[in-house]
Each structure stands twice: as structure tokens, then as C-alpha cells.
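Biologist: Could you take one part of this model and walk me through it closely? I'd like to hear how it sits among its neighbours.

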Amino acid sequence: MKTRIRELRAKTGLTQEELAQQVGVRRETIVFLEKGKYNPSLKLAYRVARALGSTIEEVFIFEEEDLA
């Protein structure tokens, strides 16, 4: 899974720490999400998308092998 978190976070002017605080996780979780090394729960994905003013589909890019 790929994400646009870093790009969207930069557009909104949020730091990793600020985004983490808004969605209720540690900064390290945001780092792992940005690198695509952590698959968030639906609840966390929704919170991240809302904090970035986007939809889940705009933030998280699922590839066919991710869905298999």
C-alpha cells in the first residue's frame, strides 16, 4: 500500500507530531504510515484522511496485490 500522507501533510502545513496528536497516535506511527510499512485500521485511516481534509481513497493507494 502506498500513501500520500507526506504530500498532503505538507500541503496542510502539519508536522508529523501535529498529525499524530490530531489522530491519537505516536509520531512513529505516522512515520511508518508514510513509508507504507504499517497498515492502519479503518478507524485510523478515516481519522488521518479527515485530518488531512481528504478521503481515505485519496490518502491510501491500494494496489491489486494488496487486495488479494
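**Helix α2 and its surroundings**

Modeller: Sure, let's take α2, with the reminder that this is a predicted model. The buried residues of α2 pack against three other helices, namely α1 (5-12), α3 (27-35) and α4 (42-51). Which residues of α2 (16-23) are the buried ones? They are Gln16, Leu19, Ala20 and Val23. Looking down the axis of α2, you'd find these buried residues within an arc of 100 degrees, so they line one face of the helix. Right after α2 comes Gly24, with a positive phi near 80 degrees.

Now for two of those residues, starting with Gln16, which lies in α2. Is Gln16 buried or exposed? Gln16 counts as buried because its relative accessibility is 17%, and the cut-off for buried is under 20%. Its side chain has a polar partner: the side chain of Glu34 makes a polar contact with that of Gln16 at 2.9 Å. Leaving out residues up to four places away in sequence, Gln16 touches Arg9, Arg27, Ile30, Val31 and Glu34.

Then there's Leu19. With the same exclusion of residues up to four places away in sequence, Leu19 touches Ile5, Arg9, Leu14, Ile30, Ala51 and Leu52. Arg9 and Ile30 are thus among the residues touched by Leu19, and both are also on the list for Gln16.

Leu19 also takes us to the nonpolar core. The largest such core has 17 residues, and Leu19 is one of those with the most contacts inside it, along with Ile5, Leu33, Val48, Leu52, Val59 and Phe60. Five helices, α1, α2, α3, α4 and α5 (56-59), each supply at least two residues of this core. The biggest giver is α4, with four residues.

Across from α2, it's worth a look at α3. Its buried residues are Thr29, Ile30, Val31, Leu33 and Glu34, so to speak the other side of the Gln16 story, as Ile30, Val31 and Glu34 are all touched by Gln16. The buried residues of α3 pack against α2, and also against β1, α1, α4 and β2 (60-61). Like α2, α3 is followed by a glycine with positive phi: here Gly36, near 75 degrees.

How far apart in space are Met1 and Phe60, given that 59 residues separate them in sequence? From C-alpha to C-alpha, the distance is 6.9 Å. Met1 lies in the segment before β1 (2-3), and Met1 is buried, at a relative accessible area of 16%.

Zooming out, the chain has six helices and two strands, running β-α-α-α-α-α-β-α from the N terminus. Its radius of gyration is 11 Å, close to the 11 Å that the globule rule gives for 68 residues, so the chain is as compact as a globular protein of that length. The C-alpha atoms fill a box of roughly 35 × 20 × 20 Å along the principal axes. Buried residues come to 37% of the 68 in the chain. Of the contacts with a separation of 6 or more, 54% join residues 24 or more positions apart.

As for records, the unreviewed UniProt entry carries the annotation "domain: HTH cro/C1-type" over residues 5-59. In the model, the end C-alpha atoms of residues 5-59 are 6 Å apart, and this span is 71% helix and 0% strand.

Methods: Residues are numbered from 1 along each chain as its sequence is written. This is a predicted model: local features need pLDDT of at least 70, side-chain atom pairs count only at pLDDT 80 or more; totals for chains, interfaces and linings use all residues. Side-chain values use heavy atoms; hydrogens and water are left out. Buried means under 20% relative accessible area, exposed over 50%, partly exposed in between (1.4 Å probe, protein chains only). The arc is that of the directions from the helix axis to the C-beta atoms. Contact means heavy atoms within 4.5 Å. UniProt positions are given in the numbering used here, feature names are shortened, and annotations may be inferred rather than shown by experiment. A nonpolar core is a set of buried Ala, Val, Leu, Ile, Met, Phe, Trp, Tyr and Cys residues joined through side-chain atoms within 4.5 Å. A polar contact is a pair of N or O atoms within 3.5 Å; within protein, one must be able to donate a hydrogen and the other to accept it, and residues adjacent in sequence count only if both atoms are side-chain atoms. The radius of gyration is taken over C-alpha atoms; the globule rule is 2.2 Å times the number of residues to the power 0.38.
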